[in-house]
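Trainee: Please take one part of this structure and examine it closely for me. I should like to see how its residues sit in their strands, and then how that part stands beside the rest of the chain.

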Amino acid sequence: MTEPLLKLEGVHKSFGPKHVLNGVDIDVAPGRSLVIIGGSGTGKSVMLKCALGLMKPDKGDVFFNGESLTTGKTAKKQRDMLERTGMLFQGGALFDSLPVWQNVSFRLLHGGKMKRSDAKELAIDTLKKVRLGSDIADLYPSELSGGMQKRVGLARAIATKPELIFFDEPTTGLDPITADAINDLIVEQTKTLGASSVSITHDMPSARKIGDEIAMIFEGKIIWRGPADTVDDSGNEYVDQFVHGRAHGPIQPAM
Ligand SMILES: Nc1ncnc2c1ncn2[C@@H]1O[C@H](COP(=O)(O)OP(=O)(O)OP(=O)(O)O)[C@@H](O)[C@H]1O
């Protein structure tokens, strides 16, 4: 069996008396796309932060390419993982004070790896991949629509040609047509790179489109996982309620 690129094993995380993650086991193979669905406050973002090393699990481990990120020379291993990882944050999270091209090539510019002129050229090439023209390279994020900002965020996530990309609610705040176009670009660009991806969302159209596989988190555990095209017929009453957006069922609405 192929070694997973990313694996979370028995990950626990609590805040005081609040147990958010209660033994999360999940992995993603090279070149595969995993979408994690779950209701508000179920710990999706906390899980993502643990996977990225931004939060330390209380118990359990995170492996990147088979290497534990919580034991041994963790700082070096974390750095190595982050260099090989791209991220599209919820809301785009662009730097308002930097023009679009510097946002896209931020890591290459600031990692001292590239001359400014080369970084700008790479940014413009990458913007083209997300169907944005060179005319926006010198604009600032506030001058762009929400959909364009997401495209810039996607361009930034893929600019370093990562092996693994995290997508945190990639279509939040977009109309359904723009959201669909962003999802198409996400699929196209991750497949072109041959990268693995882990996305978290509660938007089912996005989950169906982006995911090779879908997993559901509930009460701090992965309660179901399967091929994306089986999510409507999972045989799991929790998944069924979530997928069909029913207020009544075993999951209580988060109010
Ligand atoms: N740093 C923190 N300190 C205390 N509690 C936290 C912290 N981070 C998250 N939590 C709590 O952990 C729980 C899960 O939060 P998380 O943001 O992971 O949910 P989520 O599934 O991503 O929700 P949503 O879909 O609404 O974004 C919440 O109850 C939240 O208040």
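Mentor: The account below starts with one residue and its strand, and then turns to the rest of the chain.

The model is a predicted one. The part I have chosen is centred on Phe63, which is found in strand S4, residues 59-64. Is Phe63 buried, exposed or partly exposed? Phe63 has 19 C-beta neighbours inside 10 Å, and a residue counts as buried from 20 upwards and as exposed at 12 or fewer. Phe63 therefore counts as partly exposed. Leaving aside residues up to four places away in sequence, Phe63 touches Lys7, Glu9, Ser68 and Leu69. Arg84 offers a reference point along the chain: 21 residues separate Phe63 from Arg84 in sequence, and their C-alpha atoms are 14 Å apart in space.

The contacts of Phe63 lead to the strand pairings of this part. Strand S4 pairs with S1 in the antiparallel sense, over five bridges. Within that pairing, Val62 in S4 is the bridge partner of Leu8. S4 also pairs with strand S5, residues 67-68, again in the antiparallel sense and over two bridges. Here Phe64 stands opposite Glu67 in S5. S4 and S5 make a hairpin with two residues between them, and Asn65 in the turn has a positive phi of about 55°.

Strand S1, residues 6-15, has a further antiparallel partner in strand S2, residues 18-28, to which eight bridges join it. Lys7, one of the residues that Phe63 touches, stands opposite Asp27 in S2. S1 and S2 also form a hairpin with two residues between the strands, in which Gly16 takes a positive phi near 60°.

Positive phi values recur elsewhere in the model. As background, most residues other than glycine have a negative phi. Lys161 has a phi near 50°, a positive value in a residue that is not glycine. Its place is in the loop between H6 and S7. Lys161 is exposed, because 12 other C-beta atoms lie within 10 Å of its own and 12 or fewer is the limit for that class. Glu219 likewise has a positive phi near 50° and is not a glycine. Glu219 is placed in the loop between strand S9 (213-218) and S10. With 14 other C-beta atoms within 10 Å, Glu219 is partly exposed.

These loops lead to another sheet. Six strands form an open sheet of mixed pairing, in the order S6-S7-S8-S3-S9-S10. Its edge strands are S6 (85-88) and S10 (221-227), each of which pairs on one side only. Neighbouring strands of this sheet are turned by 15° against each other on average, direction ignored. Within it, strand S3, residues 33-37, runs parallel to strand S8, residues 196-201, and five bridges join them. Ile36 has Ile200 in S8 as its bridge partner. Helix H6, residues 146-158, packs on the sheet and touches S6 and strand S7 (164-168); the direction of H6 makes about 170° with that of S6.

The surroundings of the ligand draw on several of these regions. Among the residues around the ligand are Phe15, Val20, Gly38, Lys44 and His202. Phe15 falls in S1 and Val20 in S2. Helix H1, residues 44-52, supplies the largest share of the shell, three residues. By character, the shell divides into three nonpolar residues, seven polar and one charged.

Finally, the chain as a whole. The chain contains nine helices and ten strands. Its C-alpha atoms fill a box of roughly 55 × 45 × 40 Å along the principal axes. A compact globule of 255 residues would have a radius of gyration near 18 Å, and the chain, with 18 Å, agrees with this. Of the 255 residues, 40% count as buried. Among contacts between residues at least 6 apart in sequence, 64% join residues at least 24 apart.

Methods
Residues numbered from 1 in each chain as written. Predicted model: local features only at pLDDT ≥ 70, side-chain atom pairs only at ≥ 80, totals over all residues. Helix = DSSP H or I, 4+ residues; strand = E, 2+ residues; numbered from the N terminus. Rg over C-alpha atoms; globule rule 2.2 N^0.38 Å. Contact = placed C-beta atoms within 7 Å. Near = placed C-beta within 6 Å. Nonpolar A, V, L, I, M, F, W, Y, C, P; charged D, E, K, R; others polar. Pairing = 2+ DSSP bridges. Axes fitted to C-alpha atoms, helices over the stretch in contact; angles between N-to-C directions.
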